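Please open the structure in your viewer and keep the selection tool at hand. The tour below goes from one selection to the next and says what is found at each stop.

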Amino acid sequence: MNCDILSTLYVKSNGEILCNDDFGERVSLGSCRQSADDPDIHQTLNNDRYQNIREALKNDRTPWPEVCENCSFFRPDEPYSNDLLQKRIIQKIQIEASLACALKCPECSNLIQIKTRSGGRHFTPEMMADLLGDLKENHYQIRSIEYCGQGEPLNNPRFPELLATARKIYPDTLQRVITNGNHDFAKAINSEYVEETVVSIDGAFQESYEKYRVKGSITKAFKFLNDAIACQKPKGGIVVWKYVLFETNDSERELLEAQRLGDEFGVTRLWFVHSHTGNRSKKYTYDNPHTIPIQYSNVKIDSHPSYFRHAITIIPDEFPHKITGNDSIKCMIAVDRVVIHENGSINISGWANSQTKLSHVTLEIEDQKVGDLAFVVRRPDAGELYPVFSEVLCGFDSLLPPSAVSIKPGQVMNFHLCSDKENIATFALDPQ
Ligand code: SF4
């Protein structure tokens with residue numbers, strides 16, 4: 001039994017540390033320090049609440065009965081892991097930069113939270129400096145910081161200072177902003193570098209967009225998206241258009257228009273996401289992901305975490321790997337994450353490159369082909385290792401449809417690095 005909370009940290013705008021941003025918000029696990037006498041972060045991560053989670057999951061018990069069963073981050077089928085404490089690795093710190101928001105999306109808990117939560121509405125750079133400084137002193141590695149919560153992060157008037165503070169203390173940690181984009185880019189981000197900017201624009205036309213994004217302006221959101229592309233992409237940043245599929249925005253015409261616009265703007269990726277709400281698209285669902293009309297290779301299909309309950313997530317320990325292929329060709333491959341879904345599909349992200357130009361990577365399990373991974377994402381992190389890698393699209397991030405091969409956790413996955421039809425090297429990932 002497992003749960004994301006043992007590899008992530010979720011911090012609210014008022015400094016509370018909660019049990020993830022879903023049903024887990026009912027459970028408080030601690031708080032950022034208000035004074036020097038308060039427990040430091042390592043003590044918090046060892047307190048009785050965290051110990052309850054670890055002991056329960058390790059022994060196949062539900063940590064918080066009647067809460068976890070309803071929580072999107074519960075993984076009853078996944079083997080227990082505890083990177084947070086054993087390795088002092090935090091895969092993601094999720095910071096609710098602000099609880100304020102100008103939009104009124106009907107399924108959002110923002111209004112209830114504003115009425116019921118006490119304390120600050122904006123996470124401050126001082127709180128950020130103290131939290132990250134404390135983690136640093138306690139030798140924690142942080143893989144990513146994500147600004148997202150039950151409010152709009154860019155409503156925090158000191159948002160650029162948050163980015164700058166994190167950059168100063170953890171310069172190599174990836175920062176990701178998830179925003180509704182109804183903001184002036186220059187004011188909200190200033191000149192700060194953001195590795196991943198995700199702009200939530202659920203629709204290609206104002207009439208359908210505003211049915212969910214009530215009070216939102218698609219013109220403003222498109223302007224923000226274009227400014228982010230102009231400002232962040234040349235620095236190596238990734239800019240994603242996130243499009244949640246509702247009944248009100250799932251006509252074929254609109255999905256094709258979104259792809260055309262995304263291509264015209266130059267987004268790195270366009271994600272179509274299955275929602276779990278009552279107004280979710282009934283035409284395109286988690287069970288039929290490949291019926292969505294797709295015309296561009298940078299489109300990715302994803303799902304709300306609640307669909308991942310019976311999924312198994314594998315995060316390989318060390319990356320990237322150097323391998324030597326046929327004719328002594330030198331190659332590199334990094335597999336960031338593999339998610340094996342209950343419906344048999346498999347999500348894989350990572351990158352590969354070699355001395356010879358690669359065309360794709362083929363995934364094979366037990367000598368049977370599962371599918372091909374296309375290079376569709378630039379990977380600035382690969383470029384940092386070898387600047388020449390910045391020039392090529394070497395990242396893959398694909399959802400492979402259910403295949404004839406039944407994939408089970410623990411099986412060795414063979415990644416064949418291919419140049420056209422020829423396999424030039426193989427990397428075997430053994431999740432054990
Ligand atoms: S599943 Fe349970 S332990 Fe995990 S985040 Fe949700 S409430 Fe917390």
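What follows is a walk through a predicted model, beginning with the domains and ending with single residues in loops.

**The domains**

Begin by colouring the chain by domain, since the protein is divided into domain 1 (1-173), domain 2 (180-310) and domain 3 (312-429). If you then select domain 2 together with domain 3, you will find their C-alpha centres 25 Å apart, with 14 residues of domain 2 in contact with 13 residues of domain 3. On the side of domain 2 that touches domain 3, the residues divide into 5 nonpolar, 6 polar and 3 charged.

**The cores**

Next, select Val11, Leu131, Val199, Ile201, Leu225, Ala228 and Trp241, which touch the most other members among the 78 residues of the largest nonpolar core. This core lies between domain 1 (1-173) and domain 2 (180-310), because both of them give residues to it. Keep Leu225 in view and add Gly181, Val199, Ile201, Val239, Trp241, Phe265 and Val267, with which Leu225 is in contact when its neighbours within four places in sequence are left aside. Apart from the largest core lies another one, of 28 residues, and to find it you can select Cys331, Val361, Val370 and Phe415, which are among its members.

**Helix H5**

Now move to helix H5 (residues 125-137), whose 13 residues reach 18 Å from the first C-alpha to the last, close to the 18 Å expected at 1.5 Å a residue. Which residues of H5 are buried? They are Met127, Met128, Asp130, Leu131, Leu132 and Leu135, and of these Leu131 was already selected as one of the residues that touch the most other members of the largest nonpolar core. To see what the buried residues of H5 pack against, show strand E2 (8-11), helix H1 (41-44), strand E8 (141-142) and helix H6 (159-169). Just after H5, pause at His139, which takes a positive phi of about 65°.

**The ligand**

Select the ligand and the 15 residues around it, of which Cys3, Cys19, Gly24, Cys68 and Cys71 come nearest. Sorted by class, this shell holds 13 nonpolar and 2 polar residues, and no charged ones.

**Single residues to visit**

For the next stop, select Lys58 in helix H2 (residues 48-58), which is exposed because it has 12 other C-beta atoms within 10 Å, and a residue counts as exposed at 12 or fewer. Adding Glu96 lets you compare two kinds of separation, for Lys58 and Glu96 are 38 residues apart in sequence and 29 Å apart in space, C-alpha to C-alpha.

Then go to His290, in the loop between strand E13 (269-274) and strand E14 (299-303), where the residue counts as exposed with 12 C-beta neighbours inside 10 Å. His290 and Phe73 are 217 residues apart in sequence, and their C-alpha atoms are 24 Å apart in space.

In the loop between strand E16 (321-324) and strand E17 (330-340), select Asp327, which has a positive phi of about 55° although it is not a glycine. Asp327 is exposed, with 9 other C-beta atoms within 10 Å.

The last stop is Glu366, in the loop between strand E19 (360-365) and strand E20 (368-373), a residue other than glycine with a positive phi near 45°. With 13 C-beta neighbours inside 10 Å, Glu366 counts as partly exposed.

How values were computed: Residues are numbered from 1 along each chain as its sequence is written. This is a predicted model: local features need pLDDT of at least 70, side-chain atom pairs count only at pLDDT 80 or more; totals for chains, interfaces and linings use all residues. A nonpolar core is a set of buried Ala, Val, Leu, Ile, Met, Phe, Trp, Tyr and Cys residues joined through C-beta atoms within 7 Å. A residue is buried if 20 or more other C-beta atoms lie within 10 Å of its own, exposed if 12 or fewer, and partly exposed in between; C-beta atoms are placed from the backbone. Domain bounds come from an automatic or database domain assignment. Two residues are in contact if their C-beta atoms, placed from the backbone, lie within 7 Å. A residue is near a molecule or strand if its C-beta atom, placed from the backbone, lies within 6 Å of it. Ala, Val, Leu, Ile, Met, Phe, Trp, Tyr, Cys and Pro count as nonpolar, Asp, Glu, Lys and Arg as charged, and the others, Gly among them, as polar. Helices (H or I, at least four residues) and strands (E, at least two) are DSSP runs, numbered from the N terminus. The expected span of a helix is 1.5 Å times one less than its number of residues.
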